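User: Could you take a close look at one part of this model for me, the interior where side chains gather? I am in my first year, so please explain each term as you go.

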Amino acid sequence: MAETTTEPRGMMGVWHVRMGAGAAWRRTVWGEFLSEYLGTFTLIAFGDGVVAMAVAALNQSGRAQTNHTIFLASGDWLLITWGWCVAVVLAIYVAGGISGAHINPAVTIALAVRRGFPWAKVPHYIFAQVAGAFTGAALVYLNYKDAIKGYEHATGAVRGESSSIASYSIFATFPSGYFHNPMGPFIDELIGTALLVGIVFAVIDQLNLPPKGNLAPWIIGIIVAGIGMSYGANSGYAINPARDFGPRLFAWFAGWDGVALPGNYGDVNWYWWLPIVAPIVGAVIGALVYDFFISHVLMARGEPPTSDVETRGEVVEEL
């Protein structure tokens, strides 16, 4: 007997038509914006979550040498870099099927500059990304607020003063103490984001060697981990304006005051703009470099697009 589907009725029917799968607006760009929101929310929920573990939760849980031990060894940094790798992978799997999972304003702008992404969508994508990052940070704070307060008590940190930079770093980035002006962190964020976007362009280029079997999210996660391991110490490798500004804004609301906004850290102050501008500049440079050295060569040689063994909605047996 053939299976038939019926439209929900009553209140469920109203929900189906207005907010559920039957809502017409879900087939518009609003569906893409929701995808970017939830993807970036996932990114920050896991990314800031792993920093909260390293900075405040593990030591306050009795699982460290002391109740104020952080960054005792390189293993702490590896925990963070691999945690962000997982965060990126999960975020892309969440949002990739709808919006492509930009989850980064710098990526969105680079795609608009070099890959024809509609400029009209750019402001909306960026707003969704920042909103997702803000609420992701709020979730992390909700879960770890007691651990953060315990760490601040153990270290004598006063939230909003320089003594609270460590607890603030759960949410957003700051420059290392050996910098005395913004130039060093700016160059660092530019390089990190240029590497990110240039290699992401390689991964998604169907004329090159794109990962098969839906493995691209893992490769991109490894890119982020690699950047953190190789270029992370100078400025915390924001490499994503939404990843930094959304949680930074939340940290300001949560009481970190000038440490969060405008971002005063002693030798380098008014830092908040740098993890926004530098990644955007770096992303465009990374895209231009990839196109000049690789993409245009592939086009000139007439390389055919690489086909995958498995495509969406099909398995090998169906081909």
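**A closer look at the interior**

Analyst: Let's start from one residue and work outwards. If we set aside the neighbours within four places in sequence, Tyr168 touches Thr173, Phe174, Arg248, Ala251, Trp256, Val259, Ala260 and Tyr265 (contact means heavy atoms within 4.5 Å). Before going on, please keep in mind that this is a predicted model, in which local features need pLDDT of at least 70 and side-chain atom pairs count only at pLDDT 80 or more, while totals for chains, interfaces and linings use all residues. Residues are numbered from 1 along each chain as its sequence is written, and side-chain values use heavy atoms, with hydrogens and water left out.

Now for the wider setting. The chain comes to 10 helices and 0 strands; both are DSSP runs numbered from the N terminus, helices being H or I with at least four residues and strands E with at least two. Of its 319 residues, 45% count as buried (buried is under 20% relative accessible area, exposed is over 50% and partly exposed is in between, with a 1.4 Å probe and protein chains only). Contacts reach far along the chain too: among those with a separation of 6 or more, 75% are between residues 24 or more positions apart.

Tyr168 belongs to a bigger picture. Tyr168 is among the residues with the most contacts inside the largest nonpolar core, together with Leu43, Trp84, Ile148, Ile170, Phe171 and Trp256, and this core has 54 residues. (A nonpolar core is a set of buried Ala, Val, Leu, Ile, Met, Phe, Trp, Tyr and Cys residues joined through side-chain atoms within 4.5 Å.) Helices H2 (29–60), H3 (74–99), H5 (122–155), H6 (165–168), H7 (183–204), H8 (216–231), H9 (241–260) and H10 (274–300) each give two or more residues to this core. The biggest share comes from H2, with 9 residues. Apart from this largest core lies another one, of 17 residues, including Ala110, Leu111, Ala112 and Phe201. In soluble globular proteins, nonpolar side chains tend to be buried together.

Ile170 is a nice core residue to zoom in on. Ile170 sits in the loop between H6 and H7, and because its relative accessibility is 0%, Ile170 counts as buried. Beyond its neighbours within four places in sequence, Ile170 meets Asp48, Val51, Ala52, Val55, Ala56, Val140 and Ile148. Ala52 is 118 residues away from Ile170 along the chain, yet their C-alpha atoms are separated by 5.2 Å.

Three residues of the second core, Ala110, Leu111 and Ala112, take us to helix H4. H4 is mostly covered, with 8 of its 10 residues buried: Pro105, Ala106, Val107, Thr108, Ile109, Ala110, Leu111 and Ala112. Those buried residues pack against H5, H7, H9 and H10.

How does H4 lie against H5? The axes of H4 (residues 105–114) and H5 come within 9 Å and cross at roughly 165 degrees (axes are lines fitted to C-alpha atoms, for helices over the stretch in contact, and angles run from 0 to 180 degrees between N-to-C directions). H4 and H5 are therefore roughly antiparallel; angles over 145 degrees count that way, those under 35 as roughly parallel, 65 to 115 as roughly perpendicular and the rest as oblique. On the H4 side, Pro105, Thr108, Ile109 and Ala112 meet Val122, Tyr125, Ile126 and Gln129 in H5. This contact divides into 6 nonpolar, 2 polar and no charged residues (Ala, Val, Leu, Ile, Met, Phe, Trp, Tyr, Cys and Pro count as nonpolar, Asp, Glu, Lys and Arg as charged, and the others, Gly among them, as polar). An α-helix has 3.6 residues a turn, so residues three or four places apart point the same way.

Finally, some backbone details. Asp257 is in helix H9 and has a positive phi of about 45 degrees although it is not a glycine; at 40% relative accessibility, Asp257 counts as partly exposed. The loop between H9 and H10 holds Pro262, which a cis peptide bond joins to Leu261, with omega about 10 degrees. Trp270 lies in the loop between H9 and H10, has a positive phi near 50 degrees and, at 55% relative accessibility, counts as exposed.
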